[in-house]
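Visitor: Please take a close look at the enclosed space in this model and at the cysteines beside it.

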Amino acid sequence: MDKCKAHRECVKACGAIRAIDFERAERERSERFDMVLDFSAQPLDTHRAAAAGLPRAGRRSARAGAAAGQLARWWASFEKPRFFAYNEKICAHSRSSKVGCNQCLDVCSTGAIAPDGDHVKVDPHLCMGCGGCATVCPSGAMSYAYPRVPDLGARLKRVLSVYAQAAARTACLLLHNAGESRTLIAKLARRGRGLPARVIPLEVIIPLLSG
């Protein structure tokens with residue numbers, strides 16, 4: 001590169017267009033993406049639970065293939081369910097800029113909760129619906145909100161109608177959680193024949209609430 005910089009013929013040839021400029025300072029860029037495939041050696045998301053739409057591939061080619069396959073299945077457009085209900089009037093996070101409680105911020109495994117003045121704000125796209133914030137909230141300001149039955153029914157209707165149009169045969173729904181069941185289904189796809197074509201896996205989030 002140093003030798004290249006010593007010869008400015010390409011800059012002269014480019015002329016007033018100035019497409020080539022060794023002195024151009026790097027500028028900050030900010031973009032928004034629905035999905036990101038993380039190939040970095042150290043994960044971009046350092047929270048305990050990975051955010052939705054951010055699979056980790058790392059440097060290993062085997063993991064990269066599995067992560068790319070995971071992204072390929074996330075092609076549909078959907079509205080992110082809200083798994084929380086927040087009442088800022090009884091929130092004990094802060095009063096008059098004096099912080100009193102950080103329980104929900106500390107327990108959130110995806111970093112979905114952030115300070116917002118005397119209150120907190122929750123990013124529904126990062127929230128994974130674990131229910132940890134509702135469990136530790138001392139005032140009851142944060143509570144778990146199950147997805148509404150009509151919303152779940154509408155989701156099932158869309159899934160089954162699309163399958164019926166594409167395959168014209170009876171489908172079978174496989175309800176599973178995001179833990180061991182998801183792992184078993186992935187292993188079945190990698191090491192076996194996978195699920196039968198008529199079986200549609202539907203992940204259901206089970207909240208971790210104290211009894």
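Guide: The following account treats the cavities in turn and then the cysteines. The model is predicted: local features need pLDDT of at least 70, side-chain atom pairs count only at pLDDT 80 or more, and totals for chains, interfaces and linings use all residues. Residues are numbered from 1 along each chain as its sequence is written, and side-chain values use heavy atoms, with hydrogens and water left out.

A cavity is a set of points on a 1 Å grid over the protein atoms alone where a 1.4 Å probe fits but cannot get out, and its lining residues have an atom within 4 Å of a point. Two cavities of 30 Å³ or more are found.

The largest cavity holds about 150 Å³, the volume being the space filled by probe spheres set on the points, which are joined across faces, edges and corners. Its lining has 19 residues, and Cys-108, Cys-127, Cys-130, Gly-131 and Cys-133 lie nearest its centre. This lining comprises 13 nonpolar residues, six polar and no charged (Ala, Val, Leu, Ile, Met, Phe, Trp, Tyr, Cys and Pro count as nonpolar; Asp, Glu, Lys and Arg as charged; the others, Gly among them, as polar).

The second largest cavity encloses about 90 Å³. Among the residues that line it are Tyr-86, Cys-91, Cys-104 and Met-142.

The structure contains zero disulfides (pairs of cysteine sulfur atoms within 2.5 Å). Cys-104 is in none, the nearest cysteine sulfur, that of Cys-91, being 6.3 Å away. The closest cysteine sulfur to that of Cys-127 belongs to Cys-133, at 6.3 Å, too far for a bond. Cys-127 is buried (under 20% relative accessible area, 1.4 Å probe, protein chains only), at 14%.

Key
1 Å grid on protein atoms, 1.4 Å probe; cavity = no way out; pocket = protein on both sides within 12 Å on 5 of 7 lines; lining within 4 Å. Buried < 20%, exposed > 50% of the residue type's maximum accessible area, 1.4 Å probe, protein only.
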